[in-house]
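Biologist: Could you take one part of this model and go through its packing closely? I would like the central part first, then the helix pairs.

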Amino acid sequence: TNIFLSLSSLMDQYFGRMRSLMNNKELPARIRFLLQDTVELRENNWVPRKAFIDNGPKTINQIRQDAVKDLGVFIPAPMSQGMRMDFFLESPFMPNRMKLDRETLGGLADMFGQMPGSGIGTGPGVIQDRYSPTMGRHRTNPLFNGHGGHIAPPPQSQFDMGPKSFVKSNQVQNQHFLNQNQNHLAQQQVQSKDMPPRFSKKGQLNADEISLRPAQSFLLNKNQVPKLQPQIPTMMPPSAQPPRTQTPPLGQPPQLGLKTNPPPIQEKPQKTNKKPPPAKEELLKMTEAIMTEYFNTKNLTEAVSGVREMRAPKHFLPEMLSKIIVCSLDRPDEDKEHASTLIHTLRTEGLITGENFMQGFLNVLDQCPKIELDVPLVKSYLAQFAARAIIAELVSVAELAHPLENGTHFPLFLLCLQQTAKLKDREWLTDLFQQSKVNMQKMLPEIDQNKDRMLEILEGKGLSFLFPLLKLEKELLKQIKADPSPQSIYKWIKDNISPKLHTDKGFVNILMTSFLQYISQELCVAEGDEQLAAPSKEQLEQEKQLLLAFKPVMQKFLHDHTELQVSALYALQVHCNANGFPKGMLLRYFVNFYDMEIIEEEAFLAWKEDITQEFPGKGKALFQVNQWLTWLETAEEEESEDDAD
């Protein structure tokens with residue numbers, strides 16, 4: 001039973017971490033979705049979702065059946081081309097005077113047959129046109145094979161009715177077509193007896209679903225000529241001839257209700273020859289002339305206008321900024337400041353961007369070996385430009401640091417921070433640097449990328465104020481060894497560490513690490529030895545007494561701060577990991593912290609559920625204290641139930 005409970009608890013921990021990783025936006029979406037699927041699969045008793053069971057391709061008939069079953073929607077099968085043509089000829093909203101009068105229409109079926117993608121076909125049962133070359137082979141339709149005697153002969157041609165027949169009101173026309181629709185429905189009922197079954201249901205449309213107004217394309221213009229007439233040549237010029245509709249040649253269907261005259265072609269206006277932008281050499285000369293004039297007159301407005309009138313292309317802007325910086329390097333500091341002001345004004349006017357400045361700044365850095373021959377302090381001058389750009393928010397500290405990582409152009413980045421602290425103040429720079437999340441060790445050459453060497457370099461450049469905790473880590477252990485009394489330790493911290501850092505996780509981590517290192521040294525435990533001998537009873541008692549001595553200082557900074565208590569537990573985890581996780585050490589400290597009320601239950605459980613990878617040894621630590629944490633969680637639940645009773 002204990003093994004089963006332990007495995008179940010471990011499984012809950014695994015899936016708890018999977019849930020936390022599932023909500024981690026830094027992981028790829030695919031991994032987060034896979035974790036979500038696994039968690040949901042466990043919650044569903046390991047039964048896969050229906051989408052994974054039935055996820056194959058379906059036929060069209062299956063899709064129609066699903067539509068009828070789920071939505072109550074019937075999806076009919078697509079109509080063949082012949083069925084579409086029959087439906088058009090026999091539809092109830094097509095006028096009788098135009099229906100079946102194929103001579104007047106000029107072969108409506110042929111017209112549709114000649115349109116792209118609308119061929120009618122020549123199979124049995126398909127309506128054939130009398131102009132079709134296959135007319136003699138397939139005459140199965142009763143409309144053209146002599147069996148359509150019940151259909152009235154075509155009425156008189158509409159072109160012989162005179163112009164008055166086309167001057168009816170809309171009301172009369174609507175009534176006329178309504179009567180024709182009713183007659184057509186009656187004719188279909190009689191006609192369906194002699195027709196094959198596949199034609200019996202064509203054209204049966206609901207009268208409420210169609211418009212009684214005839215389609216505009218079937219209203220023939222009175223200017224159209226009803227019969228084919230030979231075109232008589234005339235001597236009149238084309239512009240003087242009256243407009244008329246051209247009659248299509250024999251055998252081609254007419255364009256009913258459509259304009260035959262093509263729209264006039266509008267000629268595009270000729271493009272005006274724009275003046276090409278100046279060449280690169282010319283732009284550089286113009287930039288140098290603008291800067292020379294600007295340094296002499298100090299007229300910022302004229303300098304900005306001159307840059308705007310250059311009409312420099314976007315790809316030239318970094319080189320223009322490089323030229324502005326280079327022109328000021330061998331001039332007094334006042335001119336360098338004026339050059340920085342011009343650059344910031346160009347940004348305000350929208351003529352350049354921060355990215356343009358960084359590209360131009362890096363271009364000058366690439367020329368440093370050559371420029372240093374004439375200007376030995378070129379990096380210090382460039383640091384001034386960078387510092388003013390940071391203060392003016394032209395670039396950020398992170399954007400400046402990225403191309404200078406791993407000691408590139410070292411110590412330029414540190415010089416930029418020095419100049420920024422001079423132009424602004426230390427506290428402002430400290431807050432800005434901490435917000436940037438820049439790793440200072442990566443800004444040093446690879447050989448110097450360690451804490452001790454970094455603190456050395458920062459103290460030499462006067463920048464150690466950026467990392468007050470580094471000084472604390474170096475000095476606190478010395479102070480504890482000199483005087484381990486809690487009153488002396490607390491007074492030293494209060495005098496040397498800013499109160500703003502007292503609630504910082506890094507401060508708590510260093511404080512706990514210093515206490516643990518002092519206790520280990522007092523117990524004569526060598527750090528780094530993976531096979532430590534089990535401490536004796538006297539050593540265990542001494543360890544407990546030292547913890548009790550430091551208890552007031554720990555409680556002063558950890559009381560009622562669960563997050564800081566979790567940081568203290570991580571400091572203990574890293575300390576045990578550095579010593580190779582001696583048997584029983586982590587569990588012993590957990591029990592002592594709990595019994596002395598230095599760490600509360602919520603902090604232990606929060607440390608258990610936390611999935612951060614910042615501190616090494618979490619897996620081994622959980623393995624050693626998992627059973628105790630399970631007991632702690634169970635005991636807390638029992639106390640809650642007792643309080644409720």
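Modeller: Contact here means heavy atoms within 4.5 Å. The model is predicted, so every value below is computed from predicted coordinates.

Start with the largest nonpolar core. It holds 66 residues. Met320, Phe357, Phe413 and Met440 have the most contacts inside it. Which helix gives the largest share of this core? Helix α15, residues 378-391, does, with eight residues. Apart from this core lies another, of 53 residues. Trp492, Phe515, Leu547 and Leu586 are among the residues of that second core. The general background is simple: in soluble globular proteins, nonpolar side chains tend to be buried together.

Now zoom in on Phe413. Set aside its neighbours within four places in sequence. Phe413 is then in contact with Val397, Ala401 and Leu404 on one side of the numbering, and with Phe433, Val438, Met440 and Met443 on the other. One of these partners, Met440, is also listed among the residues with the most contacts inside the core.

Next, Thr420. Which helix holds it? Thr420 lies in α17, which spans residues 412-423. Is Thr420 buried or exposed? Its relative accessible area is 1%. The cut-off for buried is under 20%, so Thr420 counts as buried. What does Thr420 touch, beyond its neighbours within four places in sequence? The contacts are Ala387, Ile390, Ile391, Asp425, Trp428 and Leu429. Ala387, Ile390 and Ile391 fall within the residue range of α15.

That leads back to α15 and its packing against α11, residues 317-329. The axes of α11 and α15 are 11 Å apart, and the angle is about 125 degrees. Angles over 145 count as roughly antiparallel and 65 to 115 as roughly perpendicular, so α11 is oblique to α15. The crossing of these two helices is right-handed. From α11, the contact uses Ile325, Ser328 and Leu329. From α15, Val378, Tyr381, Leu382 and Phe385 take part. By class, that contact has six nonpolar residues, one polar and no charged.

Now α10 with α12. α10 covers residues 300-310, and α12 covers 333-348. Their axes come within 10 Å and cross at roughly 55 degrees. These two helices are therefore oblique to each other. α10 passes α12 in a right-handed crossing. Leu300, Ala303, Val304 and Val307 of α10 meet Thr341, Leu342, Thr345 and Leu346 of α12. Six of the contact residues are nonpolar, two are polar and none is charged.

α10 also contains Gly306. With a relative accessible area of 16%, under the 20% cut-off, Gly306 is therefore buried. Its C-alpha atom is 9.7 Å from that of Met291, 15 residues apart along the chain.

Last pair: α19, residues 451-461, and α20, residues 468-482. They pack at about 115 degrees, with axes 11 Å apart. The crossing is left-handed. Lys451, Met454 and Leu455 in α19 meet Leu470, Glu473 and Lys474 in α20. This contact divides into three nonpolar, no polar and three charged residues.

Conventions. Residues numbered from 1 in each chain as written. Predicted model: local features only at pLDDT ≥ 70, side-chain atom pairs only at ≥ 80, totals over all residues. Heavy atoms only, no water. Core = buried A, V, L, I, M, F, W, Y, C linked by side-chain atoms within 4.5 Å. Buried < 20%, exposed > 50% of the residue type's maximum accessible area, 1.4 Å probe, protein only. Helix = DSSP H or I, 4+ residues; strand = E, 2+ residues; numbered from the N terminus. Axes fitted to C-alpha atoms, helices over the stretch in contact; angles between N-to-C directions. Parallel < 35°, antiparallel > 145°, perpendicular 65-115°, else oblique. Left-handed = near helix turned anticlockwise from the far one by under 90°. Nonpolar A, V, L, I, M, F, W, Y, C, P; charged D, E, K, R; others polar.
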